[in-house]
Amino acid sequence: MDRAEAASEQWARERPDLPTLPVETVGRLLDAAARVIRDHMNPLLAEADLQVGEFDVLTPLRRAGEPYMLSPTQLYESAMISSGGMTSRLDRLERAGLIERRPDPNDRRGRQVALTVAGKRAIDDLIGPMVALEERMLSVLTPAEQTTLNLLLKKLLTGL
């Protein structure tokens with residue numbers, strides 16, 4: 001019995017009027033996300049001296065293509081965090097020499113965030129092992145199950 005099932009059974013006993021499937025499903029989603037980050041992603045990121053939030057800043061910059069530059073707004077919207085939270089991540093990445101803030105070529109008052117050569121190298125070195133890790137984590141599911149899970153999660157997120 002996993003934690004979600006235990007919680008579900010306890011709620012069924014204490015509050016039989018409540019449906020328990022949502023408790024189990026959401027509990028498992030939260031547990032899976034926490035375990036993926038804590039047990040699998042964090043150790044890999046630690047080798048690169050990065051945290052999950054910093055990885056979430058570097059990857060959209062790299063995916064943007066040359067010149068590997070986005071506005072701070074584009075970055076915090078892609079990471080779904082506050083602008084204040086993004087600022088602290090950017091400050092750390094800038095101190096580490098992985099990003100730099102540049103004037104926006106289309107807005108004299110604006111700023112852009114760009115990967116440095118070291119930042120591009122760091123994400124290029126990390127993304128292959130990260131995708132291989134994701135493949136290993138999902139390997140307990142068949143390819144068809146992986147596709148189904150992906151589609152169901154997309155549907156759930158779209159509904160939210």
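Below are a few exercises on this predicted model, each with a worked solution.

Residues are numbered from 1 along each chain as its sequence is written. Since this is a prediction, local features need pLDDT of at least 70, side-chain atom pairs count only at pLDDT 80 or more, and totals for chains, interfaces and linings use all residues; side-chain values use heavy atoms, with hydrogens and water left out.

**Exercise 1. Work out the strand order of the sheet and find which helices pack on it.**

Step 1. Helices (H or I, at least four residues) and strands (E, at least two) are DSSP runs, numbered from the N terminus. Two strands pair if DSSP finds at least two bridges between them.

Step 2. The open sheet has 3 strands, in the order β1-β3-β2, with antiparallel pairing. That leaves β1 (69-70) and β2 (99-104) as the edge strands, each pairing on one side only.

Step 3. Now look at β2 and β3 (residues 107-115): 6 bridges join them. Within this pair, R102 stands opposite Q112 in β3.

Step 4. Add the helices, taking contact as heavy atoms within 4.5 Å. Helix α3 (residues 52-63) touches β1, β2 and β3, and its direction makes about 100° with that of β3. Helix α4 (residues 72-79) touches β1 and β3, at about 50° to β3. Axes here are lines fitted to C-alpha atoms, for helices over the stretch in contact, and angles run from 0 to 180 degrees between N-to-C directions.

**Exercise 2. Is S8 buried or exposed, and what does S8 touch?**

Step 1. Find S8 in helix α1 (residues 3-14).

Step 2. Buried means under 20% relative accessible area, exposed over 50%, partly exposed in between (1.4 Å probe, protein chains only). At 3%, S8 is buried.

Step 3. Leaving out residues up to four places away in sequence, S8 touches T20, V23 and E24.

**Exercise 3. Compare where the partners sit in the salt bridges R35 to D31 and D91 to R101.**

Step 1. A salt bridge is a side-chain nitrogen of Lys or Arg within 4 Å of a carboxyl oxygen of Asp or Glu. The structure holds 15 of them.

Step 2. R35 and D31 meet at 3.3 Å, N to O. Both lie in helix α2 (residues 21-47), 4 residues apart, about one turn of the helix. R35 is partly exposed at 41%, while D31 is buried at 15%.

Step 3. D91 and R101 meet at 2.9 Å, N to O. D91 lies in helix α5 (residues 83-95) and R101 in strand β2, so the pair ties together parts 10 residues apart in sequence.
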